[in-house]
Amino acid sequence: MKNKTLLGGMLVALGAASYGILTTFVKLAYSEGYNTYEVTFSQMLLGFICLVVINFFYKGYTKKKAPEKASKKNILHLMLAGTSLGLTSTFYYLAVQYVSVSIGIVLLMQSVWMGVVFNAFLTKEKPSFLKILAVIIILTGTVLATNILFDEITLSPIGILFGLLAALSYTVTIYTSNTVAKELPSITRSKWMMLGGLIVVTAISIPYLNENFNLLIFTKWGPILALFGTVLPPLLMTTGMPKINVGLGVIITSIELPVAVMAAYLLLNETVLIYQWLGIILILASIVVMNIRKLKQ
């Protein structure tokens, strides 16, 4: 039992770490002259193709009863849910054009308290004391992590706006991922959600791709971004999550935050000061506080 939990935790951690390192690769692609739309479109297109292939072999490999075929209604709902996935990538990659990876990931993590508000709005239930406390800790940690109190820096308003829009879209993605067509296999659900994301990204990107689209993105950064942003995370997380409880799973996935900051520090030479690390620790602590009851389930 312990080995099963350990394995599950490791798989979930690797999936979250894949997401964490993703933005550093985006920044490296930017440094070579690729733009947001080339990066996002190539990731979504290659990611969708990979999920189609994986889904095909998954059905052929399994010896169990064949997965339930998705109905037209399920496909439509999953594709609609996937639009938030496409918007998250687009807004987030636009954000890191204007702010550092460290600040970008902190802005994206605002989805934690947005999720609390979103759930309260949908259920008409007042958040528990622990959740309210977690929100306060997150906001305090955000002030420290974005370094707006101690240094005379000017954060890009447009970068902050895109970062918060990415967090809002991510909140919707998390909710829909856990509620839409749950009877279908995760691989199948991921495929149709990715198609919805690809459609919305294509619609947004076409005006810019027509101007000057560098096809070399498909041979270098596109596959890397698809691997770490589209293929590995869902495969690792859907395999690992059933082996651990929900509370532990949420806490482990928060490793995405320090991994993103460390990758930016090591590969992009971004400066991360001690009080920024303190802010990041506070945000991680809030996630623990919010899920402490679930750990016992």
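Biologist: The crossing of α5 and α6: left-handed or right-handed?
Modeller: Left-handed. That term applies when the near helix is turned anticlockwise from the far one by less than a right angle; clockwise would be right-handed. Helices here are DSSP runs of H or I with at least four residues, strands are runs of E with at least two, and the numbering starts at the N terminus.

Biologist: What sort of model is this, and how are the residues numbered?
Modeller: It is a predicted model, where local features need pLDDT of at least 70 and side-chain atom pairs count only at pLDDT 80 or more, while totals for chains, interfaces and linings use all residues. Residues are numbered from 1 along each chain as its sequence is written, and side-chain values use heavy atoms, with hydrogens and water left out.

Biologist: Back to α5 and α6. At what angle do they pack, and how far apart are the axes?
Modeller: The angle between α5 (residues 111–123) and α6 (residues 129–145) is about 145°, and the axes are 9 Å apart. Axes are lines fitted to C-alpha atoms, for helices over the stretch in contact, and angles run from 0 to 180 degrees between N-to-C directions.

Biologist: Which residues make the contact?
Modeller: From α5, Val 112, Trp 113, Val 116 and Asn 119; from α6, Lys 131, Val 135, Ile 138 and Leu 139. Contact means heavy atoms within 4.5 Å.

Biologist: How does that split by class?
Modeller: There are 6 nonpolar residues, 1 polar and 1 charged. Ala, Val, Leu, Ile, Met, Phe, Trp, Tyr, Cys and Pro count as nonpolar, Asp, Glu, Lys and Arg as charged, and the others, Gly among them, as polar.

Biologist: Take Val 116. Buried or exposed?
Modeller: Val 116 is buried, with a relative accessible area of 8%. Buried means under 20%, exposed over 50% and partly exposed in between, using a 1.4 Å probe and protein chains only.

Biologist: What does Val 116 touch?
Modeller: Apart from neighbours within four places in sequence, Val 116 is in contact with Pro 127, Lys 131, Val 135 and Met 290. Its C-alpha atom is 8.4 Å from that of Ile 132, which is 16 residues away along the chain.

Biologist: Anything on α4? How many of its residues are buried?
Modeller: 8 of 8, for residues 101–108. The buried residues run from Val 101, Ser 102, Ile 103 and Gly 104 to Ile 105, Val 106, Leu 107 and Leu 108.

Biologist: And which residue in α7 is paired with Leu 108 by C-alpha distance?
Modeller: Thr 171, in α7 (residues 157–177). The C-alpha atoms of Thr 171 and Leu 108 are separated by 9.4 Å, with their positions 63 residues apart along the chain. Thr 171 is buried at 5% relative accessibility. Leaving aside neighbours within four places, Thr 171 contacts Ser 111, Met 114, Gly 115 and Phe 118.

Biologist: Different topic. How many salt bridges does the rule find?
Modeller: The count is 1, with a salt bridge taken as a side-chain nitrogen of Lys or Arg within 4 Å of a carboxyl oxygen of Asp or Glu. Glu 32 pairs with Lys 220, and their closest N and O atoms are 2.8 Å apart.

Biologist: Where do the two partners lie?
Modeller: Glu 32 is in the loop between α1 (2–31) and α2 (36–61) and Lys 220 is in the loop between α8 (186–209) and α9 (221–240), so the pair ties together parts 188 residues apart in sequence. Glu 32 is partly exposed at 41%, and Lys 220 is partly exposed at 37%.

Biologist: What does Leu 87 in α3 touch?
Modeller: Ser 169, Val 200 and Ile 204, not counting residues up to four places away. Leu 87 and Val 200 are 113 residues apart in sequence but 7.3 Å apart, C-alpha to C-alpha. Leu 87 is partly exposed, at 26%.

Biologist: What is odd about the phi of Asn 269?
Modeller: Phi of Asn 269 is near 60°, a positive value in a residue other than glycine. Asn 269 sits in the loop between α11 (256–267) and α12 (274–291) and is exposed, at 63% relative accessibility.

Biologist: Whole chain, then: how many helices and strands?
Modeller: 12 helices and 0 strands. Of the 297 residues, 49% count as buried.

Biologist: How much area does the chain expose?
Modeller: About 15,100 Å², with carbon and sulfur atoms supplying 69% of it. Areas come from the Shrake-Rupley method with a 1.4 Å probe; for residues, only the protein chains shown count as cover.
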